[in-house]
Amino acid sequence: MINRRTFGKALGLGAGGAVAATLVGPSGAAHAAAVADPRGGAGAAPGAAPGAGSRGRSAFPPLKTVRAGLLEVGYAELGPRHGPPVICLHGWPYDIHSFEEVAPLLAAAGHRVIVPYLRGHGTTRFVSPATFRNGQQSALALDIVALMDALGLEKAVLAGFDWGARTADIIAALWPERCTALVSVGGYLVVNLEANLQPLPPATERYWWYQYYFATERGRAAMEDPTKRHDLARVVWDTVSPTWHFDDATFERTATAFENPDYAAVVVHNYRWRLSLAEGERRYAPYEQRLAARPTIAVPTVTLDAELDPFTAPGDGSAYRDRFTGPYQHRTLKGIGHNLPQEAPEEFVRAVLDAPRL
């Protein structure tokens, strides 16, 4: 388990003031639209050990919300207001608590850290009931661009895994001026719909069982059932992180994010869209056309591969190396599974600190 004071000393930081800054949220006119969200709860102190809380309690300070595009985005914020910004993006079936140790460490290093709930998760809500609950990749990326605009962030380090890595990759590819640097777990994850029509090796396909399950009405019904979606997510956690010995409280703290009223719709559409079984929206067609060409990423990038993640591409990053044309490093983490930021927070933090310096 990380000791923030020890880690900060190793980075050459002054532990006292830097760590104290993790408790300070932004203030001032630029953030007048951001309000404390009572649904977040005060929770445990930042940097608490995973599993130290209980259901409904958070390792983050009270959450905030801000109007951003189609959403009221719920997010956690740590660190000094004028620090270099970092946006940490979670995946499925996870939430902001994948960064519950990462965020305080980055804040202690002087960064302003933003950890938003993606659409359909946690305290994030659609502004209009008429908005289609779309899970396609460009929609999620534009959500984060809108969030940056709402918070007055010209650019930031974007760091994520799973859905979050894909979202960060897309922003880095299509709007590189908004991305100081990129940390992408799993490498280049931009969805290619044509390629997704081709079968994978059977040994790999079996780990995607839930994707095919969601393609059925039976799978949709399971996602709409609170108990079944809770238990399904727990099976995924156990399967894709085989050596991560998390406790029940750790999972239950994240599982509250699945109670969002739009969760099932967004998740099911995401996976059906990937398999070309559901249509996207016309408003996102220009972005998807650009992404279909597999655009390269020129911003400074660290890609992280988890050795025990069943979705890690073979070849130690060689499968996507040509997609990164700027300063670049690839790192493989031995003995780590899919939820890399929560399983190996020190390594994730190191990648975020190193990426802008490449």
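1. A good place to start is the pair Glu 77 and Lys 64, whose side chains meet in a salt bridge with an N to O distance of 3.8 Å. Glu 77 sits in strand β3 (residues 71–78) and Lys 64 in strand β2 (residues 63–68), so this pair ties together parts that are 13 residues apart in sequence. Please keep in mind while reading on that this is a predicted model.

2. Are these two partners buried or exposed? Glu 77 has a relative accessibility of 4%, which is under 20%, so Glu 77 counts as buried. Lys 64 is buried too, with a relative accessible area of 13%.

3. A second salt bridge worth a look joins Arg 272 to Glu 217, with the closest N and O atoms 2.9 Å apart. This pair links distant parts of the chain: Arg 272 belongs to helix α11 (residues 263–274) and Glu 217 to helix α8 (residues 217–224), and the two are 55 residues apart. Their surroundings contrast nicely: Arg 272 is buried at 9% relative accessibility, whereas Glu 217 is exposed, with a relative accessible area of 51%.

4. For a local pairing, turn to helix α9 (residues 226–240), which holds both Arg 234 and Asp 238. The two lie four residues apart, about one turn of the helix, and form a salt bridge in which the closest N and O atoms are 3.5 Å apart. Arg 234 is partly exposed, with a relative accessible area of 22%, and Asp 238 is also partly exposed, at 40%. Elsewhere, salt bridges that share partners join Lys 64, Glu 77 and Arg 112 into one network.

5. How many salt bridges does a search of the whole structure find? The count is 15, and the pairs described above are among them. As general background, side chains of opposite charge can pair when their charged atoms come close.

6. Now to a polar residue in a helix. Gln 342 is found in helix α13 (residues 340–343) and is buried, with a relative accessible area of 5%. A polar atom of the Gln 342 side chain lies 3.3 Å from the backbone oxygen of His 97.

7. Finally, the nonpolar interior. The largest nonpolar core has 97 residues, and those with the most contacts inside it are Ile 87, Trp 92, Leu 106, Leu 304 and Phe 348. Which residues does Trp 92 touch, leaving aside those up to four places away in sequence? They include the aromatic residues Trp 163, Tyr 210, Phe 214, Tyr 263 and Tyr 271. Met 223, Leu 232, Val 236 and Val 267 also touch Trp 92, as do His 121 and Asp 162.

Note on methods: Residues are numbered from 1 along each chain as its sequence is written. This is a predicted model: local features need pLDDT of at least 70, side-chain atom pairs count only at pLDDT 80 or more; totals for chains, interfaces and linings use all residues. Side-chain values use heavy atoms; hydrogens and water are left out. A nonpolar core is a set of buried Ala, Val, Leu, Ile, Met, Phe, Trp, Tyr and Cys residues joined through side-chain atoms within 4.5 Å. Buried means under 20% relative accessible area, exposed over 50%, partly exposed in between (1.4 Å probe, protein chains only). Contact means heavy atoms within 4.5 Å. A polar contact is a pair of N or O atoms within 3.5 Å; within protein, one must be able to donate a hydrogen and the other to accept it, and residues adjacent in sequence count only if both atoms are side-chain atoms. A salt bridge is a side-chain nitrogen of Lys or Arg within 4 Å of a carboxyl oxygen of Asp or Glu.
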